[in-house]
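I opened the model to look up a sheet, a chain contact and a symmetry relation. My entries follow in the order I made them.

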Number of protein chains: 4
Amino acid sequence: MKVNQIDVDNSMKIIDLINQFDDSGVLGAGRVARACNILAEMIQDEDMSVFMSLGGPLIPGGMRNIVTKMINEGHVDLIISSGANITHDLVEAFGGAHYRHEGKDDEELNEEGIGRIADINVGSDDFTIFESEITEIFEKISSKKQVVSIQELLYEIGLLVDDENSFVATAARNNIPIFAPGLIDSMMGLQLWIFSQDHDFVVDAVADMHYLSDIVFESEKVGAVLLGGGLTKHYTLASNVIKGGLDAAIQITMDRPEAGSLGGAPLEEAKSWAKAKCGSSLASVVGDVTVIFPLIYAAALDKISGD
Amino acid sequence: MKVNQIDVDNSMKIIDLINQFDDSGVLGAGRVARACNILAEMIQDEDMSVFMSLGGPLIPGGMRNIVTKMINEGHVDLIISSGANITHDLVEAFGGAHYRHEGKDDEELNEEGIGRIADINVGSDDFTIFESEITEIFEKISSKKQVVSIQELLYEIGLLVDDENSFVATAARNNIPIFAPGLIDSMMGLQLWIFSQDHDFVVDAVADMHYLSDIVFESEKVGAVLLGGGLTKHYTLASNVIKGGLDAAIQITMDRPEAGSLGGAPLEEAKSWAKAKCGSSLASVVGDVTVIFPLIYAAALDKISGD
Amino acid sequence: MKVNQIDVDNSMKIIDLINQFDDSGVLGAGRVARACNILAEMIQDEDMSVFMSLGGPLIPGGMRNIVTKMINEGHVDLIISSGANITHDLVEAFGGAHYRHEGKDDEELNEEGIGRIADINVGSDDFTIFESEITEIFEKISSKKQVVSIQELLYEIGLLVDDENSFVATAARNNIPIFAPGLIDSMMGLQLWIFSQDHDFVVDAVADMHYLSDIVFESEKVGAVLLGGGLTKHYTLASNVIKGGLDAAIQITMDRPEAGSLGGAPLEEAKSWAKAKCGSSLASVVGDVTVIFPLIYAAALDKISGD
Amino acid sequence: MKVNQIDVDNSMKIIDLINQFDDSGVLGAGRVARACNILAEMIQDEDMSVFMSLGGPLIPGGMRNIVTKMINEGHVDLIISSGANITHDLVEAFGGAHYRHEGKDDEELNEEGIGRIADINVGSDDFTIFESEITEIFEKISSKKQVVSIQELLYEIGLLVDDENSFVATAARNNIPIFAPGLIDSMMGLQLWIFSQDHDFVVDAVADMHYLSDIVFESEKVGAVLLGGGLTKHYTLASNVIKGGLDAAIQITMDRPEAGSLGGAPLEEAKSWAKAKCGSSLASVVGDVTVIFPLIYAAALDKISGD
């Protein structure tokens, strides 16, 4: 297929740019266009459940409202998140914020009680509020149940959080389950452990697998939106092995395949493991999620509404 | 400054997404927004000459019409290109095309006479036409001049090429000089050598420096758009040393700084060499030019027209 | 400090090359030399506990004997591993193997029951054996205990595995604890879930935090060797927050910082979070672990024995 | 082929580690071992000319003595260098030096007259000496010849430089030609231009192609060692098209293929263009040249002497 040169214009819509990318079809532009097409097809396919994994600093990095919108619009059916993205969602829900880093060095930041994630800063005051709020929530939940799975815990938390921009709260209200296999490795995990020290409260590490595999079995087809990350990506892929793999998937990450890490592996590799079906629609975009995903999702919204 | 979460919508314009990126201000989205702001300012500043360097497979990869548009709109004043981008511009001008690669391996492509650039294919038939056309053009030019600089050669070629989408032709007609310090390392360089074997025709390697430095001296300020590449980027930076460095610059590349290559170096480094002024406006975007530059330029068009 | 040019020679020892790198001190060579110096100091410091995190395909990729040697030599005091590295260690312990990938595509591999990790292949037969062996081991363990932490589980498994090259077995015999916060996201995690379906066996997700934090508290100083990975790296860093952060650390990964992922973040960033102490000795090497770590560890062995 | 686990030991030789990498055969370790084998075979093959390209900051980064040693040992027959590597070789030959960067920011460095290349610093005083010395050399050469090719110029310079560690001087004394298609884009290129302003001295851009193609035609086989870079790599590849491509090649670079740049392209791609022969021995290593090349060359010295 011939590579068409890309035209841009004043007042251009995102969908028109993505269509130009589609007509070019090569390098990054081609990969972005194919990912957008697959995303729109996944959302539109009524027989397909859409799983989304959230790795890397997506919530601190500005993706919170998009995730929440996808839940509200019914464009995602299941979320697999890092513990950090859940923690940072709640930090904002409890009134905290993230700030653009202004160039202090890490020892200065340490003295001022500011944590750095690349060019994003978060203040320890906001974590102090997080700690007291989440502990209060744990109290409420543990008074009802002594043993919970991680997914149940996140559901209960979501119901108790009052912020319409919170993806954890919005997911709970829309009955979209959130799984977080590495939850323990996060600020929330730490608070969970501290809380469990003097409360009769057990979080079962394995219990979610049953519920997750039920969802996979009950889905006629499964598509996946894999944003950053290693563990969250792998868990999403692996949960679909039981039915021969994903039917469609897109991934956006800056990680690369050479050193063999799962995060950087191209999606094709998943076929060998029956984590993606042979013949499935796959697109791997090498790029920064905070640029590429808003672009793709905005264009997919047009593709969907245009039908 | 607080990180605002990014909102997207159906029917969204590119400029609105870039404004969202600006309000977020972090990670890739922040870098893209800052690069867009600097680009718009460079274009709008009547005292600033805009230099643009073209490295990597930009013309095969779909950027040809954008470069040509920038020339026609008066948004670029001087181009520094790899020999390959000039060659591929002329391949299309002479009726050739680039194609999306369909997965054959490199030994099969070799047998079929197809060259591969990542996921782009080019056929040897198109190069055969290129060879006869460019030789005819060399005949015409050499009948008028025996010694030319590379910039003069490209200007003369541009005047003889009849394709309104060709950036080489459009630059010549708009008196936008094209420099190509590595021209010899390209298909055109090869043809130039073959031609010079039996013609009295010398291309002076050093001659362009005088003209280029005159332009730098006569420019009140210089801004640079650095797309991909090592040599083309460095030549652009180095040509500005004589006046204390660039006043503004953006760069888009997937190359990284760790191994010390010039292509991957952040623009800040140029300040130490007086290739960018202390206090200059600089933005380095890590990303695929074919995605990022159309996005940035389209939004810059809105910023410009909005004033 | 002046950059000395690097000399190499016939019959050269690794330690001599690393010393040359040290005298050069710049780019990758300089980073490798500094990481080697820190590693040797961590091992030699009798007051320092050495934690090691294992992310990415280290065991399939050839690092198994080195990890085992480090345990036997007393050069590592605590391991934080991905579930996959534990699974692949046991695959080899149960008689399986990894193979160099010979270029088949992923759909062909799927048909032949071969999983691919970059250029490494693993056969499904070896996983079948893994499944029956690990299930037998679960039987034995669950007959003694109904609730275990992940670390306890791995210790009990290690004692039941008869392979002196297995790092899981060697760690158990040397009382080196292995933590695996994301264990559930691996083949072993899957088998654990299947087993727990019809057995009274609970793996407590939070329970290990107590033991881990005790070790941190009891260590006068802690140093970390961070190989690849996101979750395993973060868990190692985060476990040290309670005492103000690591005293020394080296990391080797191909992941990069631009997109903000934890795996690619330079170690300096950990200081802002009090995950590494201000003033701690840190070295971040951008490179392939399978090349860089054997090189560094071999040279560190010389540095240690030379004292 | 089975992946063998890598063993390391106290007092280990580099060749023994590379042999361990060979027995592992996967990921970075496998690529390094294959590159080492190809390098040793290229050097030992008496019918094969070895071309070496020098891109990126190799001389500032510590590779100078290795390049010089390769010339003295007869392990390289032709060099294609960036202008910068030649400039920095002469900076050291004229008594200058490179220094490890100590963390000042680029505006401070600018004020102190220090240029930065990643973590390497160079002082403007050393460039001042370079300028006067090279101008004196240009005087001597131009008094003999009015028109020179770049290769001839570098040969004449080499003869006039008195430093046994200089690769430019050593190459001249050993009749190893140095090509530098992008010479003009370097400090030396700038001095050349300034000199040519008031001297009758022309550097012919195309003239070297004849000599270079003669060497290619006269070589029974050609192998290439491609270190970093875009232009220097491409020129090396392209010069071999006339005989159907290279017979063997290794490349070491941190650049990646996704965005389509020539520097990051895997060597396989060269087959489609007949720049490497179908069936040729090729190895592409993703890594930092300053670590990987000393390692590979040191081991190759053992392989060669062992026969």
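Entry 1, a first pair of strands. I looked up B:Phe51 and found it opposite B:Leu78 in strand 2 of chain B. Strand 1 (residues 48-54) of chain B pairs with strand 2 (residues 78-81) of chain B in the parallel sense, over 4 bridges. I count two strands as paired if DSSP finds at least two bridges between them. Helices (H or I, at least four residues) and strands (E, at least two) are DSSP runs, numbered from the N terminus.

Entry 2, conventions. This is a predicted model, in which local features need pLDDT of at least 70 and side-chain atom pairs count only at pLDDT 80 or more, while totals for chains, interfaces and linings use all residues. Residues are numbered from 1 along each chain as its sequence is written, chains are lettered from A and ligands numbered from 1 in the order in which they are written, and side-chain values use heavy atoms, with hydrogens and water left out.

Entry 3, the whole sheet. I traced an open sheet of 6 strands in chain B, ordered 7-2-1-9-10-11, with parallel pairing. Strand 7 (178-179) and strand 11 of chain B are at the edges with a single partner strand each, so one side of each has no neighbour in the sheet.

Entry 4, strand 10 of chain B. Is this strand buried or exposed? I found 8 of the 8 residues of strand 10 (residues 246-253) buried, so the strand is largely enclosed by the rest of the structure. Buried means under 20% relative accessible area (1.4 Å probe, protein chains only). Strand 9 (residues 221-227) of chain B pairs with strand 10 in the parallel sense over 5 bridges, and B:Leu226 has B:Gln251 as its bridge partner there. On the other pairing, 7 bridges join strand 10 to strand 11 (residues 276-286) of chain B, also parallel. I noted B:Ile250 opposite B:Ala283 in strand 11.

Entry 5, chains D and B. I find 51 residues of chain D and 50 residues of chain B in the contact, taken as heavy atoms within 4.5 Å. The two chains bury about 4,500 Å² between them, 63% of it on carbon and sulfur atoms. Buried area is the accessible area (1.4 Å probe) lost on putting two parts together, summed over both. I list 4 salt bridges across this interface, each a side-chain nitrogen of Lys or Arg within 4 Å of a carboxyl oxygen of Asp or Glu. D:Glu269 forms a salt bridge with B:Arg116, with the closest N and O atoms 3.6 Å apart.

Definitions and conventions: Buried means under 20% relative accessible area, exposed over 50%, partly exposed in between (1.4 Å probe, protein chains only).
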